[in-house]
Amino acid sequence: MENTLQIRVIYFAKLRDLIGLDEEIFSMEKGDDPTDVLASINKKHKIDVGANFKIAVNDEFSQWNVKLSNGDRLVFIPPVTGG
């Protein structure tokens, strides 16, 4: 299973409400990035949440094209509105 990564996804706000979970583990392929994880979330839960999120990998803001590593913690951060 050298090509399989276990990615822990933490859900907040909109995603947590849509999915009904606080977190979930996804098995991904080596070389996958957060875009691939979001596609897996959409497919598994039969939703389309869009991509209007910032992301954090292991508690650090990151880019969408970062290659994930086994055991990474991925958080999709929804846009913040206010006044």
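These questions and answers walk through a predicted model of one chain.

Visitor: How many helices and strands does the chain have, and what pattern do they follow?
Guide: The model is predicted, and its elements were assigned from that model. The chain has two helices and five strands. Read along the sequence, the pattern is β-α-β-α-β-β-β.

Visitor: What radius of gyration does the chain have, and what would a compact globule have?
Guide: The chain has 83 residues. A compact globule with that many residues would have a radius of gyration near 12 Å. The value for the chain agrees: 12 Å.

Visitor: What does the C-alpha trace span along its principal axes?
Guide: Take the trace along its principal axes. The spans are about 45 × 25 × 20 Å.

Visitor: Which strands are the edge strands of the sheet?
Guide: Five strands form an open sheet, with mixed pairing. Their order is 2-1-5-3-4. An edge strand pairs on one side only. That description fits strand 2 (23-29) and strand 4 (60-62).

Visitor: By how many degrees are neighbouring strands of this sheet turned against each other?
Guide: The figure is an average, and direction is ignored. Neighbouring strands are turned by 35 degrees.

Visitor: Which residue stands opposite Ala56?
Guide: Strand 3 (residues 54-57) and strand 4 run antiparallel. Three bridges join them. Opposite Ala56, in strand 4, stands Phe61.

Visitor: Which strands does helix 2 touch?
Guide: Helix 2 packs on the sheet. Its direction makes about 115 degrees with that of strand 2. The strands touched are strand 1 (4-10), strand 2, strand 3 and strand 5 (73-77).

Visitor: Is Asn42 buried or exposed?
Guide: Asn42 is found in helix 2 (residues 34-45). Leaving aside neighbours within four places in sequence, Asn42 is in contact with Ile47, Asp48 and Val49. Its relative accessibility is 16%. Buried means under 20%, so Asn42 counts as buried.

Visitor: Which residues does Leu38 touch, not counting residues up to four places away in sequence?
Guide: Leu38 is also found in helix 2. Leu38 is buried, with a relative accessible area of 6%. Its contacts are Val49, Gly50, Ala51, Trp64 and Phe76.

Visitor: How is the pair of Phe53 and Phe76 classed, and what are the ring values?
Guide: The structure holds two aromatic pairs. In the pair of Phe53 and Phe76, the ring centres are 6.1 Å apart and the planes lie at 70 degrees. Planes over 60 degrees apart count as edge-to-face. The pair is therefore edge-to-face.

Visitor: How many residues apart in sequence are the parts that Phe53 and Phe76 tie together?
Guide: Phe53 lies in the loop between helix 2 and strand 3. Phe76 lies in strand 5. The pair therefore ties together parts that are apart in sequence by 23 residues.

Visitor: What are the relative accessible areas of Phe53 and Phe76?
Guide: Phe53 is buried, at 7%. Phe76 is buried too, at 0%.

Visitor: What kind of aromatic pair do Trp64 and Phe76 form?
Guide: Their rings are 5.7 Å apart, centre to centre. The angle between the planes is 40 degrees. The pair is tilted.

Visitor: Where does Trp64 lie, and is Trp64 buried or partly exposed?
Guide: Trp64 lies in the loop between strand 4 and strand 5. Its pair with Phe76 ties together parts that are 12 residues apart in sequence. The relative accessible area of Trp64 is 22%, so Trp64 is partly exposed.

Visitor: Which residues form one aromatic cluster?
Guide: Phe76 pairs with Phe53. Phe76 also pairs with Trp64. The cluster is Phe53, Trp64 and Phe76.

Visitor: Which residue lies over the face of Phe26?
Guide: The distance to the ring centre is 5.4 Å. The residue over the face is Lys44.

Visitor: Which residues is Ile25 in contact with, leaving aside neighbours within four places in sequence?
Guide: The place of Ile25 is in strand 2. Ile25 is partly exposed, with a relative accessible area of 48%. Its contacts are Gln6, Ile7 and Arg8.

Definitions and conventions. Residues numbered from 1 in each chain as written. Predicted model: local features only at pLDDT ≥ 70, side-chain atom pairs only at ≥ 80, totals over all residues. Heavy atoms only, no water. Helix = DSSP H or I, 4+ residues; strand = E, 2+ residues; numbered from the N terminus. Buried < 20%, exposed > 50% of the residue type's maximum accessible area, 1.4 Å probe, protein only. Contact = heavy atoms within 4.5 Å. Pairing = 2+ DSSP bridges. Axes fitted to C-alpha atoms, helices over the stretch in contact; angles between N-to-C directions. Phe/Tyr/Trp six-rings, centres within 6.5 Å; stacked < 30°, edge-to-face > 60°. Lys NZ or Arg CZ within 6 Å of the ring centre and 35° of its normal. Rg over C-alpha atoms; globule rule 2.2 N^0.38 Å.
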